[in-house]
Amino acid sequence: MGCEPLQVLIEDRDRPVDIEPGTRPTVRWRLDPLPSWADRVRLARVRVFEQPKGRVLVDTGIQPADELNGSRLPGPDMDPSRRYWLTVLLLDAQGRRLMGSEPITFGTGPGLVWHARAIWSEEDEKNSSGPQGNAKGWALMRGVVRLSPGPILWASLYATADSTVPARQFVYRLWLNGRFLGCGPVFPLDGEDRYRGYEVTGLLRPGAENVLGVVAYAMEGRRFQAQLDVGRPDGSVEHYGTDAEWKAISGAEAFPDSASIGTTYYQAPAEDIDLSRYPWGFSRPGFDDSAWRKVRIRPSFSKCLAAPADGTRLTRVKAHRVLAAAPGHLLLDFGSVRLGGIGLRVDLSQHLDLTVRYGEVLDGQGGVRYRLATSNVYQDRWRLQPGSNRAQTWGIRVFRYLELIWPAESDPEGLLASLSDGGLWAECLEAPVYDDHASFHCDRPLLDKVWQLGRNTIRGLNADIYVDSWTRERAPYEADAWIQQQAHMVLDDAPALGRYSVDYLIANRTWPTEWPLYSILAVHDAWMHTGDLTQAAAQYERLMGLLPDRYLDKDSGLIVKDPGTSSQMDGDLVDWPPVERDGYVFGRVNTVINALASAAYKAMARLSRALGRRSRAARLAEVSRKMQEALNERLYDPAVGAYRDGLLDGPDGPAIDHCAIHASAFVLAFAPPSDPARLEAVGAYLRSRGMACSAYVAAVLLDGLYRSGLGADALTLLSAGEGMRTWKHMLDQGAGGTMEAWDPSIKSNTTYSHPWGASPVWLISSGLMGLRPLKPGYREFVAALQPGGLGRAELTMPVPTGDIHISYRITGKVDSRPGFVLLPDIDLDLVVPQGCRGHLVLPPICGVRPGGQVEALLDGSPIMLKALDAASRVAGIRCRAGSLLADALPCGHHHLVLPRAQA
C-alpha cells in the first residue's frame, strides 16, 4: 500500500491488478501512524504513469488534499489487460513537499474477451462408481508456459471457474511454479461469472518453462479458465491462456468417493486423501506429465466480470495449545475460530492411516465434536505414504479444535513429536487486513474478552463474501451482513468486501419482510463511514425497490400487511429462533417492521439528497416522519412504559395487548420518541426485562439503549458475568467465535461461528466510546462517551484517512443514576486523523448544572466547557441535559483534563 505512514489504496484495495476495464479508479490514502506534520497537509497531487519512471498518463495537478483524497481519477484509459503506476504527493499550504509515495501499481483484467478457453479434465467413469459419486468432481490440471528471454515489466494471472453453487465454496486452488496464489471464484451476483487476478511478476522465469497447477472441485459446470498476461518494457503484452494443450487427470484416485461434510443446504466432499496417489510437484517445472491426458474444452464463459474485492489469503497459524498428546492421539486448540483447514509435513517409514477431525467445540469426552449439531460431519481420512508427506485441506472447514487419530499399535517413532513441533498448522483462509491497529482495552477483563471474541469472529470468518455461517448454510443474509459490516468497518479500513456482499443481497434478497431493509441501512452506513456514494448511485433504483411501498397505508402512514409465515417470501421474522421472540404477537401492523421501515425510508431520503434527488428525498423523509409519528402515537402503552407489538387487524384495529421487548428495542434504535420522559420510561421497562431476545436482536437492543443515552444499561448487558443470554456464556462454552444462539438449548443446531453475534465490536465503538460520523467519511465525527461504570477504556478504530484513537480515565467515584452516570472527573486523549475534525461530548459532571460551565485543560491550556441546558441528539445519540460539549478539534493528538468540579 505504500511506505508508512503513507498508505495508498486504489478502488479500496491494495495494488489490484484486476480492476474491471473502463472503470475510473478511485485513489485514497491514509496517514497511519499519524506523523507530527499531518496537520500541515493542505494540498496533494496524484500522477499515473505508463511505467514506474515512464510517461505521465494522468496528472491531477495540485489540488486541495481533502477533495482529492477518495476521488475518482479522470483516467487513464483502463483498457483490458493493462498495468499502470501511481504516486501520491502531499504538500503544505505553500506547496512544499511533506511526503510522497513510491510508485503503486494497479491494473485491469481481461474484461469480456479472453485469450483463453474453458477447460476441465476428461471424465473418468471407472473412478465414479462409489456410493457418493463425488470423486468425479475433482480435477487436477496443469499448463506449461514457455516464456521468451528478456526482462518482464509486469505480469498478471487471471482465473475463473464454475460452479460455486452445489458446494457453496470456491472451485479452484491455483499455483504458479509451486507457489500458491489463491482460490476462487467468489459467488456471482446475478448470472455472471467472476474472475480474480494475481500479481505474479516476481514468480515468472523468463526464457524458461513456467507451470500453472490447479486442483479443482465442482459437481456442476466443471469449467476452469485462466489467462497469464506478461508486459514487456517495450509496451508489448503477451497473452497465454488455458487451451487444448493443457493436461489433466481426474482427481478420483487421490480423492476417492467420500461422504459429504455439508448439510441440507449444500454438499461438499470429505477429503479422504490417498497421498500415495497424489501427483506431488505437478505445479512445478520438471514434473513428468507424460501419462496425463489432454484436457477437454468446455463451453465458453459468456460474461466474466472482475471480483471487486481482494480475495482470501492463506495464513499459517500455529496451535494455541496442546490439549492431549498420546500415542495414536493428538488434540489441539487453535485459540479462536478458523476458516480453512490444516497443513501437515511429516516423514514416515511406513504407511499410516490418519483420521482428521475438526470441531467448533469439544465433545466433553476428550475429543472434538466433529459431528456438528448442524449435521456436518467434519471428518477426513488421510492415507500417508512412506517417506516425505506434505498435505493440506483443500476445502472449507470451520473449527477451533483439531483432533488427529491413528492406530496406536503402529505409532511411527517420532510422529507425535514431529506433529507437535512445527509439523502441523492451521491453514486459514482470511480476507486481507489493511489496517491491523484496531484494539480495545478497559479495566473490566471480561469486556476485553467479549470484544476479542467478536474481533476474532469477524477476522476469522471474513472470506470472499459475508455469510451467516460457513458451517451450516454458507449463504448471505441481510441482517447478518448489516451487523458483520458494522463490526468489520470498526476493525479494518476495508469496505470493498462489505460492498460486494451487500450488492449480492440487493440482487438476491432473502425471505423475511424486514431483511431487505437492512440492505438499505448497510449502504447508508457504509457511505457515512467511507464517504463514497458509488454503491448508492449504482444501486439506487434497486434500493428504492426494496422499500415496502406496496404495504404502505397512506392514511395512517404505517406498513400494513399480513404477517405471513417463516421461510416464505415477505414473512415477518422479528427474531430468530422463534423462542427468542419474548412472546411477540403478530398483527397486520407490526411495530418491529414499522420501526425498521421508518429508518430505511430516512436512510433512502439521505442518500437521495446526497445524490441530488431532492424531490424524492423530501417525499421519503416525509414517509419516515409520518411513520415514526404514527408509531409513537398509536403503539405506546403508557401504563406499561413500553411499546406494544402492533395492531391486530390494521391501522384502525385493536392494539395488541402485549409488549415484547423487541417492539421497544426497535423503536429506540430506529424510530425513537422525542419525549425524554417516555425514553426514561421505556428504559426502565427494558432494564427490568434484561436480555429477553436473541444474539441478533441484542445488537438492536444495545444500540437503542446507547442512542437513548442509557449507556450504563447497555454496559450492564454487554459485560454481564452471569446468566445464559450473555457473551460470557459463549466464552464459557469454549466457543472460538460468536454463536448463532446464546445456548444450544435455545437452538439445537446452533453454530459457534455466526458473525451476527459479534455486535459488541461495533457497539463498544459507537456506543461506549460514542464514535459516530457527523459527515461522510468521518471528515467530522463525534466522540459522545457513555462510560457507565467503566473507569478506564481505550479504543483504536480505522477510518478512511487514518486511525482514531480515544482513551479516558476516571479517578473519582461516579454518581450512578438509572441508565447513566454523573462523572466526578475525566482525563481523556483523542487522536484526530488527517483531514478530519473531532467533536467531544462528555457525560454530565457532578456539580455542574445544565446550562452551566466548567473549566478544563485542553492541550495544556484552560478552556470553558458549556453544559447543555436541555437534551439534544448528536449523530443520532441522545446527549442528556448537562452533557459537556467541546469545540471541534483539528487533526492531531489532543489531551483534555477535567478535574473534579465544585458545586
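**Exercise 1.** How many nonpolar, polar and charged residues does the lining of the largest pocket have?

*Solution.* The structure is a predicted model.

Step 1. Begin with the pocket itself: its volume is about 980 Å³, and 38 residues line the largest pocket.

Step 2. Sort the lining by class. The lining has 21 nonpolar residues, together with 9 polar and 8 charged ones.

Step 3. Locate the centre. His-524, Arg-606, Arg-707, Ala-875 and Gly-876 are the lining residues that lie nearest to the centre of the largest pocket.

**Exercise 2.** Determine which elements give two or more residues to the lining of the largest pocket, and which of them provides the largest share.

*Solution.* Step 1. List the contributing elements. Among them are helix H4 (478-491), helix H6 (515-530), helix H9 (591-610), helix H10 (614-634) and helix H11 (661-670). Helix H13 (695-707), helix H16 (760-768) and E37 also belong to this list.

Step 2. Identify the largest share. H6 supplies it, with 6 residues.

**Exercise 3.** Establish the strand order of the 11-stranded open sheet and explain why E30 and E37 each have one side without a neighbour.

*Solution.* Step 1. Read the order: E30-E39-E40-E43-E50-E45-E46-E49-E44-E38-E37, with mixed pairing.

Step 2. Examine the edges. Strand E30 (439-442) and strand E37 (771-773) each have a single partner strand, so one side of each remains without a neighbour in the sheet.

Step 3. Add the twist, which averages 20° from one strand to the next.

Step 4. Inspect one pair within the sheet. Strand E46 (residues 861-867) and strand E49 (residues 884-889) run antiparallel and are joined by 2 bridges. Lys-866 stands opposite Leu-885 in E49.

Definitions and conventions: Residues are numbered from 1 along each chain as its sequence is written. This is a predicted model: local features need pLDDT of at least 70, side-chain atom pairs count only at pLDDT 80 or more; totals for chains, interfaces and linings use all residues. Side-chain values use heavy atoms; hydrogens and water are left out. Two strands pair if DSSP finds at least two bridges between them. Helices (H or I, at least four residues) and strands (E, at least two) are DSSP runs, numbered from the N terminus. Axes are lines fitted to C-alpha atoms, for helices over the stretch in contact, and angles run from 0 to 180 degrees between N-to-C directions. On a 1 Å grid over the protein atoms alone, a cavity is a set of points where a 1.4 Å probe fits but cannot get out, and a pocket is an open set with protein on both sides within 12 Å along at least five of seven lines; lining residues have an atom within 4 Å of a point. Grid points are joined across faces, edges and corners, and a volume is the space filled by probe spheres set on the points. Ala, Val, Leu, Ile, Met, Phe, Trp, Tyr, Cys and Pro count as nonpolar, Asp, Glu, Lys and Arg as charged, and the others, Gly among them, as polar.
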